[in-house]
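Reader: Please take a close look at a single part of this model, the long helix of the second chain. Set it in context first, and go on to the salt bridges afterwards.

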Amino acid sequence: MTNNGTPVLHNRLALFRAEAGLSRKDLAEQVGVNPQTIGFLERGHYGPSLELGLKLARVFGVPVETLFSLEPFTPLAQQLIVTKGAA
Amino acid sequence: MKQALNPPLRLSLRTARFLSLLVLGGIGIGYLGGAVFAAPDGTTPMGFLGLRLIGLFSAVALFIEGRGQLTQASDAMLDERERALRDKSYVATHQIMIMALFGFFLWSILAKFIDGWMPGREQALDLLSGFAITSMALPGIILAWGERVVDDAEDAG
């Protein structure tokens, strides 16, 4: 999937932010950007630099590929079903 | 992002887009039309002067508004997304202004062969003023039209 010739970067930012109980403003302050930029990232309207991607991953304590992917993420509900089935 | 951007005027996207149309219409028609339809003694018809004023005030409003201020801000005041937006708006402005200059250059050659309209000294100065005002407002206009419509309440979350 491309957007104006550039690959779309999928992310789970909104999910991780909600789980951590952070507002966009809080997260923006932690990574040094404007809160609007967090909104743009979450909606997939902006692909972050490597530096910003790493900073965001550090906030949530996860590897950067857990937050961002070139392929669409499997929906959380589907992942839970798979995990439950395997257990 | 060490310093925050604090523009003296913040306008909604719809208002900014409306003002940008007033700038392009007012400056474009006011200056170009005023130059083409100038009286034989060189005076500009009042209607065109009015349009120029509307365009000028709209351009100033856009210039001091948030999007205009974003295009004037230093790197330290912007984050990476805003810096990319600012840079894109300047590239687009540069391309548009070069195309306008090149178009006029081509017309100035063509006009000699077809005996087409060419501005006198007064009209040339007017056109130059219009060009300068438009180039001042264009980065903000480009940002206003490139911006996606977003629910402000959602972004505040």
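Author: The secondary structure of chain A consists of six helices and four strands. Read from the N terminus, the elements of chain A follow the order β-β-β-α-α-α-α-α-β-α. The model is a predicted one. The C-alpha trace of chain A measures about 40 × 35 × 20 Å along its principal axes. Chain A has 87 residues, of which 34% count as buried. About 5400 Å² of chain A is exposed, and carbon and sulfur atoms supply 57% of that area. Among the contacts in chain A with a separation of 6 or more, 53% are made by residues 24 or more positions apart.

The part requested is helix H4 of chain B, residues 80-114. With 35 residues at 1.5 Å a residue, H4 of chain B should span 51 Å, and the 50 Å between its end C-alpha atoms therefore agrees with that expectation.

The two ends of the helix can be described separately. At the N-terminal end of H4(B), B:Asp79 acts as a cap. A side-chain oxygen of B:Asp79 lies 3.0 Å from the backbone nitrogen of B:Arg81. At the other end, B:Asp115 comes just after H4(B) and takes a positive phi of about 55°.

Next come the buried positions. The buried residues in H4(B) include B:Glu80, B:Arg81, B:Glu82 and B:Arg86. Further along H4(B), B:Ser89, B:Thr93, B:Met97, B:Ser108 and B:Ala111 are buried too. The buried residues of H4(B) pack against elements of both chains. From chain A these are helix H3 (35-42) and helix H4 (50-60). From chain B they are helix H3 (66-72) and helix H5 (121-146).

The exposed side is another matter. A nonpolar surface patch of about 1000 Å² is formed by B:Phe102, B:Phe104, B:Phe105, B:Leu106, B:Trp107, B:Ile109, B:Leu110, B:Phe113, B:Ile114 and B:Met118. One of these patch residues, B:Phe113, is in helix H4 of chain B. B:Phe113 has a relative accessible area of 71%, and because the cut-off for exposed is over 50%, this residue counts as exposed.

Helix H3 of chain B, one of the packing partners of H4(B), also takes part in salt bridges. Over all chains the structure holds nine salt bridges. In one of them, the side chains of B:Arg67 and B:Glu65 meet with an N to O distance of 2.6 Å. B:Arg67 has 11% relative accessibility and so counts as buried. B:Glu65, at 2% relative accessibility, is also classed as buried. B:Arg67 forms a salt bridge with B:Glu147 as well, at 2.7 Å from N to O. This pair joins distant parts of the chain, 80 residues apart: B:Arg67 is in helix H3 of chain B, and B:Glu147 is in the loop between H5 and helix H6 (152-156) of chain B. B:Glu147 has a relative accessibility of 28% and is therefore partly exposed.

Helix H3 of chain A, another packing partner of H4(B), holds A:Glu42. A:Glu42 makes a salt bridge with A:Arg24, whose closest N and O atoms are 2.8 Å apart. The two residues are 18 residues apart and link distant parts of the chain, with A:Glu42 in helix H3 of chain A and A:Arg24 in helix H2 (residues 24-31) of chain A. A:Glu42 and A:Arg24 are both buried. Together with A:Arg17, they are linked in a network of salt bridges.

Helix H4 of chain A (50-60) is a partner of H4(B) as well. A:Val64 belongs to helix H5 (residues 64-67) of chain A. The contacts of A:Val64, leaving aside residues up to four places away in sequence, are with A:Gly53, A:Leu54 and A:Ala57. A:Val64 and A:Leu54 are ten residues apart along the chain, and their C-alpha atoms are separated by 5.9 Å. A:Val64 is partly exposed, at 26% relative accessibility.

A last position in chain B is B:Ser58, which lies in helix H2 (residues 46-64) of that chain. B:Ser58 has 5% relative accessibility and so counts as buried. Residues up to four places away in sequence aside, B:Ser58 touches B:Leu19, B:Leu22 and B:Val23.

Key:
Residues numbered from 1 in each chain as written. Chains lettered and ligands numbered in written order. Predicted model: local features only at pLDDT ≥ 70, side-chain atom pairs only at ≥ 80, totals over all residues. Heavy atoms only, no water. Expected span 1.5 Å × (residues − 1). Buried < 20%, exposed > 50% of the residue type's maximum accessible area, 1.4 Å probe, protein only. Contact = heavy atoms within 4.5 Å. Polar contact = N/O pair within 3.5 Å; in protein donor to acceptor, adjacent residues only side chain to side chain. Patch = residues over 30% accessible without salt bridge, like charges linked within 9 Å, V, L, I, M, F, W, Y side chains within 5 Å. Areas by Shrake-Rupley, 256 points an atom, 1.4 Å probe, with all protein chains shown as cover. Salt bridge = Lys/Arg side-chain N within 4 Å of Asp/Glu carboxyl O.
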